[in-house]
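Here's a quick briefing on the model below. Have a look at it first, then read on.

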Amino acid sequence: MDKPLIGVVMGSNSDWPVMQKAVEQLEAFGISYEAKVVSAHRTPDLLTEYAETAQQRGLACIIAGAGGAAHLPGMLAASTIVPVLGVPVPSKYLKGQDSLLSIVQMPKGVPVATFAIGEAGAANAALFAIAQLAVNDAHLAAKLDVFRKKQHQTVVEMTLPPQ
Ligand code: RP5
């Protein structure tokens, strides 16, 4: 694969079924990425190294998913100016509401762009990253346009059971 443009990180491999939706979206648009497990509280040294090298390695943004007390996206954002897109992963007991609030309530000054809980959030984080890249990439913008038109057509063709 080409040099990764997007970093996809998650706090545990148990987050993969959700974060895979981001990776699938990036692959569908032919965007190079790297996917890694980096835990804020279990591998804080790896987290710091990942964030501190993100800019020099050429990452355009980092999509970070975590569940529970989900400090991974915020801690990454603390150590890099590369934009961080946070994905709240559903948790066992609080269904990801804890993850959402942990990620979205960043104090002023160090932002994390926060997406919906779960698979939709993971896919949308990737689509947002793609839209950002498309600002300076006409070919990618055309692909995104086709993607939106297909979604439009799917809805136009939806039928309901006879009433
Ligand atoms: C967080 O704790 C991870 O992001 C994951 O969502 C959650 C549970 O991790 P495991 O116990 O499955 O490794 O750090």
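The protein chain comes out with a mean pLDDT of 97, where pLDDT is the predictor's confidence in each residue, from 0 to 100, and 99% of its residues reach 70 or more. This is a predicted model, so to speak of local features takes pLDDT of at least 70 and side-chain atom pairs count only at pLDDT 80 or more, while totals for chains, interfaces and linings use all residues. Residues are numbered from 1 along each chain as its sequence is written.

**Scores and domain**
- The model has an ipTM of 0.97 and a pTM of 0.97.
- An unreviewed UniProt entry annotates residues 4-155 as "domain: PurE"; such annotations may be inferred rather than shown by experiment.
- That span, residues 4-155, is 48% helix and 16% strand, and its end C-alpha atoms sit 34 Å apart (helices are DSSP H or I runs of at least four residues, strands E runs of at least two, numbered from the N terminus).

**Helix 5 against helix 6**
- Helix 5 (residues 119-134) packs on helix 6 (residues 138-156) at about 135 degrees, axes 8 Å apart; axes are lines fitted to C-alpha atoms over the stretch in contact, and angles run from 0 to 180 degrees between N-to-C directions.
- The two helices, helix 5 and helix 6, are therefore oblique to each other (under 35 degrees is roughly parallel, over 145 roughly antiparallel, 65 to 115 roughly perpendicular, the rest oblique).

**Around the ligand**
- Residues surrounding the ligand include Met 10, Ser 12, Asp 15 and Val 89, with C-beta atoms, placed from the backbone, within 6 Å of it.
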